[in-house]
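Hello,

Here is the structure I promised to pass on to you. Have a look at it first, and then read on for what turned up in it.

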Amino acid sequence: MSSSPSLSARGGRLGLLVVGLCWLAVLFDGLDMFIYGSVLPHMLAEKALGITPDQAGDLGSYATFGMLVGALTAGTVADRVGRKKLMVACVALFSLASALCAVAGSVEVFGTGRTLAGVGLGGLLPTAISMVSDYAPRGRGALTIGMLMTAHHAGGILSAYIALWVVEPLGWRAAFWICVLPLLFAGVLLKFLPESLSFLAAQGRTTEAAELASRYGVQAPPAPTGKPATDRWAALASLFRGGQWTQTLLYWIASFGGLLLVYGVATWLPTLMRGEGYELGSALTFVVLFNLGGIVGMLVAGRASDRFGAPRVSSLWFALTAAGVFLLSVHMPLALTFVVVFLTGVFLNSAQTMIYATVSIATPPANRATAVGWTSGMGRFGAVFGPWLGGQLLAADKGDWGFTAFALAGVVSMVFIGIAALRASRQQARQDAGRELVDAH
């Protein structure tokens, strides 16, 4: 039986509310993530905190190590305590950690701040993806996730302008003080963001789910048929049952290469481009173009993935990304370089996001946060390695090899997500054949 028009309209408004609040949260996530790479050329130029290029790479890896911890724990925690509470906690954590970076008097304190910020950043993203997946229109799951991820790159653009307008007159510390402001938004989330209905239903809290659905005028999810999924290890083990272990590992390896590429480029793009002879203003323009490309890419990839399948689109996007990143190692006219940076941003950022979309759409709602969180968490090993690798190459005066190394990571992800796409197609074909056989009898 279909829902009434008023019920559908109010449900649509609820979806917009959830996606809008999650979008703003991810905007602040992107700002905090990209701000370090945006201010890094200035910090290196003035030798802030006595920082050296290899230390700069280590500091970039501290944040991504924190993100690894956050991503690995957030999925299981969100499936136990709720996605709303965890999102509020993550926003508060990375905001307060930015305050620690702003007052840091040593590399060690600064590194501690970036690590703690990373825990919050790593926990927020998979939780927000799981939340919007609950409220996405049917058949538009990948597009909705792509729209959410445009916020991450909007935050990257914002970080470049903060570095351009604030750092020069006020210093690098001012940029991190600005990143404390999202702490105010944590209160907004606490007041206005509803809890996930599917989370409440999966926990057996059907009365709460029914009350929340009634308050917002939407249909409550069906009661769970089995026992509530309260054991985090059982939730993780379910990713390997029934022949799913191969697909799970393929997604994890593809995520490793993708996040090595994303965070390696995000951390070192301004610095590497300055090493190619571009001025600081031009180098920060590359950050803006890169993230504008990311916004366009999310929307294009999300629409294409809903039509052709997220794994196929992700594989093709990684191939195009590898080509674009490799071209950045070739000195070209400035206008052509701008075009290549923009197109690389189009494909690079959305390629990784479509891995998350694949996992999110393919996983039952009760276990979705765990699946996305662990895929993101395994990828964070690559995110830790990418900034460190860039720092080591720069310290060894081999910065021109950085783009080549990152391009190879894109090839790795292309191969493994491509294999996952082929396996998924074959499994679907077998299921369709089985249904046809049953129908024939």
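The largest cavity is a good place to begin: 13 residues line it, and those nearest its centre are Met 149, His 152, Leu 259, Val 262 and Tyr 263. Helix 5 (141-170), helix 11 (245-275) and helix 14 (334-362) are the elements that each give two or more residues to this lining. Helix 14 supplies the largest share, with 4 residues. The space inside the largest cavity comes to about 90 Å³. Across the whole structure, the search found 4 cavities of 30 Å³ or more.

Please keep in mind that this is a predicted model, and that every value here is computed from it.

Now for the overall picture. The chain has 16 helices and 0 strands. It runs to 441 residues, of which 57% count as buried. If you take the contacts between residues at least 6 apart in sequence, 82% of them join residues at least 24 apart.

Next, the aromatic rings. How many aromatic pairs are there? The count comes to 7. One of these is the pair of Tyr 36 and Phe 110, whose ring centres are 6.1 Å apart and whose planes meet at 45°, so the pair is tilted. Tyr 36 belongs to helix 1 (residues 5-45) and Phe 110 to helix 4 (residues 107-135), so this pair ties together parts that lie 74 residues apart in sequence. Are these two residues buried or exposed? Tyr 36 counts as buried because its relative accessibility is 2%, under the 20% cut-off. Phe 110 is buried too, at 0% relative accessibility. Ring pairs also bring in Trp 172 and Phe 176, which form a cluster with Tyr 36 and Phe 110.

Helix 7 (residues 183-192) is worth a look for its two sides. Which of its residues are buried? They include Phe 185, Ala 186 and Leu 189. Seen down the helix axis, the buried residues of helix 7 fall within an arc of 115°, so they line one face of the helix. There is a general reason behind such patterns: an α-helix has 3.6 residues a turn, so residues three or four places apart point the same way. On the other side of helix 7, the exposed residues are Leu 184, Leu 190 and Lys 191. Lys 191 also lies over the face of Phe 192, at 5.5 Å from the ring centre.

Two buried polar residues caught my eye as well, each with its own set of neighbours.

- Asn 291 is found in helix 12 (residues 280-308). With a relative accessibility of 0%, Asn 291 counts as buried. Leaving out residues up to four places away in sequence, Asn 291 touches Phe 34, His 153, Gly 156 and Ile 157.
- Thr 375 sits in helix 15 (residues 368-395). The relative accessible area of Thr 375 is 3%, so this residue is buried. Again leaving out residues up to four places away in sequence, Thr 375 touches Tyr 251, Trp 252, Ser 255, Ile 355 and Val 359.

Ala 319, in helix 13 (residues 310-327), is another residue to find on screen. Its relative accessibility is 30%, so Ala 319 counts as partly exposed. Ala 319 and Phe 347 are 28 residues apart in sequence, and their C-alpha atoms are 8.8 Å apart in space.

Finally, a word on the backbone in the loop between helix 1 and helix 2 (53-81), where Lys 47 lies. Phi of Lys 47 is near 55°, a positive value in a residue other than glycine. Lys 47 is exposed, with a relative accessible area of 60%. Leu 49 lies in the loop between helix 1 and helix 2 as well. What is the phi of Leu 49? The value is positive, about 60°, although Leu 49 is not a glycine. Leu 49 has a relative accessible area of 24%, so this residue is partly exposed.

I hope this helps you find your way around.

Best wishes

Terms used: Residues are numbered from 1 along each chain as its sequence is written. This is a predicted model: local features need pLDDT of at least 70, side-chain atom pairs count only at pLDDT 80 or more; totals for chains, interfaces and linings use all residues. Side-chain values use heavy atoms; hydrogens and water are left out. Buried means under 20% relative accessible area, exposed over 50%, partly exposed in between (1.4 Å probe, protein chains only). The arc is that of the directions from the helix axis to the C-beta atoms. Rings of Phe, Tyr and Trp (its six-membered ring) pair if their centres lie within 6.5 Å; planes under 30 degrees apart count as stacked, over 60 as edge-to-face and the rest as tilted. A charge sits over a ring if NZ of Lys or CZ of Arg is within 6 Å of the ring centre and within 35 degrees of the ring normal. Contact means heavy atoms within 4.5 Å. On a 1 Å grid over the protein atoms alone, a cavity is a set of points where a 1.4 Å probe fits but cannot get out, and a pocket is an open set with protein on both sides within 12 Å along at least five of seven lines; lining residues have an atom within 4 Å of a point. Grid points are joined across faces, edges and corners, and a volume is the space filled by probe spheres set on the points.
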